[in-house]
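I opened this entry to look up how the interior is built, how one pair of helices packs, and what surrounds a few residues of one strand. The sequence and the structure come before my notes.

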Amino acid sequence: SVSRETWISFEDFCVCFQNLYVFHKPHTYAYNYQKTDIKSTDDQIFYYLHVDSLTPIEILVSFSALVHWDDTGGTKGEYSGISKGVLMAERFSWKYVTPGEFVLKMHTSATKATVLNLPAGRHLLLFTVSSPIGHDIHLCSMVPCVFGEEDTVIPGLEQESFRFIEQATAILKAVGNVINNFNSELELSKALKELELAHCPPGLHGAGLLEEHFKVFNRAFWYLTKYVSGEKDPYNYKFAFRSLTLHFKDIEVSEEDTVFSESFEKNSLSSWQNRTPTSEEEAAALKIQAFWRGDYVRKVLRSRKPGTKENIIVKETLQKLWTAIELNFEQCAVILLREMFKRNCKSIEKFPCYEDEWCKMSFADYAVTYADQPPNTWFVVFREIFFFPEDLLVVPRVHTTIPSCILHVVDNDTLEEIPHVFSKVVPHVYPKNKKGYTFMAEARTDDIPVTAGRWRLRLIGSCSPLPVLAREAVYNVYSTKEIKEYYIPNDKNVMFRYSVKVTASHVATVQVQTSKSDVFIKLQVLHNEEEIVNVTGKGHALIPAFNFLSNEKLLSS
């Protein structure tokens, strides 16, 4: 930091710094600058920094704070009471609730600069800034980086990290080396060893873990083979895959694996339908299967010997596969390694690029508009059902200017609500279910009316696929039925009881609010006097989503 008598602009400082650094490294690096405009910061302001590199990273961070200076004059010691601006940077990810490690803290009443050192890899940092009047931030780096608000930074996190791409391409290049040398016994042995070193992470020990890792790689490679081949000529590709990997697990006796499948008549099996085989028939079937497996395995092993008929066929098939892969080499490499990561094998955690998964994510936005709202009003902003194609970690985030807005997520199978932390839905692994999950947002105005605006739900996941909307587009026009009455005290403390006749099945939100804010409320939905769901609240109780079935199926009361 500097005193008032020694002010120097940061632009001049950067020029000095750049000239100094170029003196040592005159023709090696380019410089990447990021800056913010001066902003008033009565409250904390948040910025995000995304940087990715295969080499260690150095970023010069300059922080200028505009504060109230004492104009009465005095000695240096009398300035100790001057308020200061604060900048803190911590590792961050939207997928985790717990805060990350602090990597930078700066306090100044003028301007201060320091170097932020980060190891190789992908990094996402959260900058928290506070200053009495305003602040200005400059970043100077030899590595390209993105600095700004959430909407500026988050799109870049959908892409794979540089280390992930480097690892993926190394593995697929090793696969290509095996394919190109498949008709050379000596070179094939070397290529297979290189492939093993490429796809096995360093420090992998233990026979069980090694076996599991090879299964993961083989299944991922078969997934890539099917993706590239487009299900064309499945028998030849499956045979070539088994010849390359010697993966004989889960070998099925299917029509595509039998030479006589084309002339095989399915109706010849009709006599075996709905019939229990005898013990002699079972023994004969097992014997035939054993002979068939033995013959098939010997055929696969012969395909690895140069000059054999099987080797020539497999070489041609693999060459077709490799030609198709080369058309989109990097994409195929990413698909292969990403499939390995999806298998959740412990060996994957030993890849250096696994550390970059901390901030790898995909996202989807769903926006609606809302009308003007009068003071002291409760209303529904958003309510949609999403289906999850598989078990997914999802973080929902709400972007709105409404002062009081809360998002609720309900499992439609169990009617249980996903827990909150500080009025926000926690990151949660949503199991795949039958009826999906309802995302519902409620809002409330205070004594000041709310003008019409735009509300946005952002769903953040680790990678694709993300949850799927139950219909083509979001819908934000709701039919509301409001009942206002006075509560008459009674022995059972029942505030009201209404019977609901349902003419068509639909999802509805039920909300109860009392004029006395400290009253404890229990809201129940009953069917034939049996409780279906209940919620409790203080001055306010809400069932975010309940599926009322028609009278023919269920009468809810």
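My notes follow, with the conventions set down before the lookups.

**Conventions.** The model is predicted, so I kept to the rule that local features need pLDDT of at least 70 and side-chain atom pairs count only at pLDDT 80 or more, while totals for chains, interfaces and linings use all residues. Residues are numbered from 1 along each chain as its sequence is written, and side-chain values use heavy atoms, with hydrogens and water left out.

**Cores.** I looked up the largest nonpolar core (a set of buried Ala, Val, Leu, Ile, Met, Phe, Trp, Tyr and Cys residues joined through side-chain atoms within 4.5 Å) and found 43 residues, of which Leu172, Leu318, Leu336 and Leu337 touch the most other members. Two or more residues of this core come from each of helix 3 (162–180), helix 4 (185–199), helix 5 (207–229), helix 6 (234–245), helix 7 (279–302), helix 8 (309–327) and helix 9 (329–342), where helices (H or I, at least four residues) and strands (E, at least two) are DSSP runs, numbered from the N terminus. Helix 3 gives the largest share, nine residues. Apart from this core I noted another one of 28 residues, including Val368, Ile402, Tyr437 and Trp455.

**Helix 5 against helix 9.** I then took up this pair, whose axes come within 8 Å and cross at roughly 140°; axes are lines fitted to C-alpha atoms, for helices over the stretch in contact, and angles run from 0 to 180 degrees between N-to-C directions. The angle makes helix 5 oblique to helix 9, because angles under 35 degrees count as roughly parallel, over 145 as roughly antiparallel, 65 to 115 as roughly perpendicular and the rest as oblique. Among the residues making the contact (heavy atoms within 4.5 Å) I listed Phe217, Phe221 and Leu224 of helix 5, and Ile335, Leu336 and Met340 of helix 9.

**Strand 3.** Which residues does Ile59 contact, leaving aside its neighbours within four places in sequence? I found Leu49, Thr114, Val115, Leu116, Leu139, Cys140 and Ser141. Ile59 is found in strand 3 and is buried, with a relative accessible area of 0%, where buried means under 20%, exposed over 50% and partly exposed in between (1.4 Å probe, protein chains only). Ile59 and Asn117 are 58 residues apart in sequence, yet their C-alpha atoms lie 6.6 Å apart. Leu60, in strand 3 (residues 57–66), counts as buried at 7% relative accessibility.
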